[in-house]
Amino acid sequence: MANAPVNITVTGAAGNIGYALLFRIASGALLGPDQRVNLRLLEIPQAVKAAEGTAMELFDSAFSTLGSVDIFDDPKQAFEGANIAFLVGSMPRRAGMERSDLLSANGGIFGPQGEALAAGAADDIKVLVVGNPANTNALIAASHAGDIPASRFTAMTRLDHNRALAQLAAKAGCHVSDIDKVAIWGNHSSTQYPDLTHATIKGEPITDILADREWVENDFIPTVAKRGAAIIEARGASSAASAASAAIDHVRDWCLGTTSAWTSAAVMSDGSYGVPEGVISSFPCTAENGEWKIVQGLEIDDFSRAKIDASAAELVDEKNAVAGMGLI
Ligand SMILES: NC(=O)c1ccc[n+]([C@@H]2O[C@H](COP(=O)([O-])OP(=O)(O)OC[C@H]3O[C@@H](n4cnc5c(N)ncnc54)[C@H](O)[C@@H]3O)[C@@H](O)[C@H]2O)c1
Ligand SMILES: O=C(O)C[C@H](O)C(=O)O
């Protein structure tokens, strides 16, 4: 293989998402069949043995795209030389909890990881935070990451985006690949705004579907926004394989470029669309040359304005809460 191997750190490697994610990265689903990857797994000491079991299975899979697998319980060692970091390791919510209930349990994980990334990651490091509450955990990591540009810290709303595509495809009787220009705005929480205003199917606007306000407002939006809770209720555990798949989609698009007109990613707000600067919010985005760009120039109607503002206000509240805890 012509290119140098890419070093990829995955935290929470022995967890449910980790188990689904690692084999897809190792098999070439992230960076393609011609790019070798070195995996660096980070776990807490109690879970290192389980991570060793996963590493044995990775070894046994004899993937042509897998270089090495190393296991660490020290973030500084795990992030040394990392080009890509998936920050998954953290506690999932249980039935009846909101993701923000995890702020105090999980927030403390991300400051030290931001510092460890700053200490040793490669200059081109790209970070995706999956652990909840993902947007604010990404903000915590970014705020401890010294010279690493804030644009390298992102949080995952691609699962919400994919859920929105699936719901719209089912309603319209089309394939998900026929759909474009769906957007998730705001927080990966129940205040998120899955927005169909600009959506197209095979390039055509979805005028009839948008006119069905009962379906858009009382079915589509709450179904997407509360899908995580519905999965927890059904499985007894939070989404794992679909989350891992969305994490692959997010980082693949970031590294290799988006192929659809746009997708959704939570990135540091630059004030676009009135979302306050300094929170990590989901926007409709494209990726090119390894950089996310927020899609500009969209008309925002009154309904969308209120939804975007409500989720942005929750992000500001979460930011203030973690500032109050001394985490940023
Ligand atoms: N953003 C999203 O769309 C999305 C989707 C699904 C799940 N999640 C979140 O992802 C996180 C992980 O979910 P899961 O189902 O894999 O949970 P899990 O409990 O199965 O696994 C979590 C793993 O993280 C490890 N861990 C805990 N603290 C750590 C630390 N400081 N460093 C390294 N590893 C650590 C644990 O030992 C465990 O192995 C949860 O917070 C969950 O809510 C986010
Ligand atoms: O909902 C959760 O707590 C897990 C995850 O964020 C999801 O959206 O499935």
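These legends walk through several close-up views of a predicted model.

**View 1. Two domains meet along the chain.** The chain splits into domain 1, residues 6–155, and domain 2, residues 158–319. Their centres, taken over C-alpha atoms, are 23 Å apart. Domain 1 brings 33 residues to the contact, and domain 2 brings 31 residues. If you would like to trace the domain 1 side, look for α1, β4 (84–87), β5 (126–129), α5 (134–143) and β6 (153–155), each of which supplies at least two residues there. Of the elements on this side, α5 gives the most, with 6 residues. Sorted by class, the side of domain 1 that touches domain 2 holds 21 nonpolar, 6 polar and 6 charged residues.

**View 2. Ligand 1 sits between the two domains.** Domain 1 (6–155) and domain 2 (158–319) both contribute residues to the shell around ligand 1, so this ligand lies between them. The shell counts 29 residues, and the closest are Gly-12, Gly-15, Ile-17, Gly-89 and Ala-243. Helix α1, spanning residues 16–26, gives the most to this shell, with 3 residues. You will find 15 nonpolar, 12 polar and 2 charged residues around ligand 1.

**View 3. Ligand 2 also has neighbours from both domains.** Its shell takes at least three residues from domain 1 (6–155) and at least three from domain 2 (158–319). Around ligand 2 you can pick out Pro-92, Arg-93, Arg-99, Asn-132 and Leu-159, together with Gly-228, Ala-229, Ile-231, Ser-238 and Ser-239. Helix α9 (residues 227–235) provides the largest share of this shell, 3 residues. By class, the shell around ligand 2 has 4 nonpolar, 4 polar and 2 charged residues.

**View 4. A cis peptide bond joins Asn-132 to Pro-133.** Most peptide bonds are trans. Here, the bond from Asn-132 to Pro-133 is cis, and its omega is near -5°. Pro-133 belongs to the loop between β5 and α5. Asn-132 may look familiar from the previous view, as it is one of the residues surrounding ligand 2. The two elements that flank the loop with Pro-133 may be familiar too: β5 (126–129) and α5 (134–143) each supply at least two residues of the side of domain 1 that touches domain 2.

**View 5. Three strands make an open, antiparallel sheet.** The order of the strands is β7-β10-β11, with antiparallel pairing. At the edges are β7 (179–180) and β11 (204–205), each pairing on one side only. Strand β10 (residues 200–201) pairs with β7 in the antiparallel sense over 2 bridges. To find one partnership by residue, start at Asp-180: its bridge partner in β10 is Thr-200.

**View 6. Lys-202 has a positive phi in the loop between two strands of that sheet.** Lys-202 is located in the loop between β10 and β11. Its phi is near 50°, a positive value in a residue other than glycine. Lys-202 counts as exposed because it has 11 C-beta neighbours inside 10 Å, and the cut-off for exposed is 12 or fewer.

**View 7. Ala-62 is another residue with a positive phi.** Most residues other than glycine have a negative phi. Ala-62, although not a glycine, has a positive phi of about 50°. Look for Ala-62 in the loop between α2 (48–60) and β3 (66–72). With 7 C-beta neighbours inside 10 Å, Ala-62 counts as exposed.

Notes: Residues are numbered from 1 along each chain as its sequence is written. Chains are lettered from A and ligands numbered from 1 in the order in which they are written. This is a predicted model: local features need pLDDT of at least 70, side-chain atom pairs count only at pLDDT 80 or more; totals for chains, interfaces and linings use all residues. A residue is near a molecule or strand if its C-beta atom, placed from the backbone, lies within 6 Å of it. Helices (H or I, at least four residues) and strands (E, at least two) are DSSP runs, numbered from the N terminus. Ala, Val, Leu, Ile, Met, Phe, Trp, Tyr, Cys and Pro count as nonpolar, Asp, Glu, Lys and Arg as charged, and the others, Gly among them, as polar. Domain bounds come from an automatic or database domain assignment. Two strands pair if DSSP finds at least two bridges between them. Two residues are in contact if their C-beta atoms, placed from the backbone, lie within 7 Å. A residue is buried if 20 or more other C-beta atoms lie within 10 Å of its own, exposed if 12 or fewer, and partly exposed in between; C-beta atoms are placed from the backbone.
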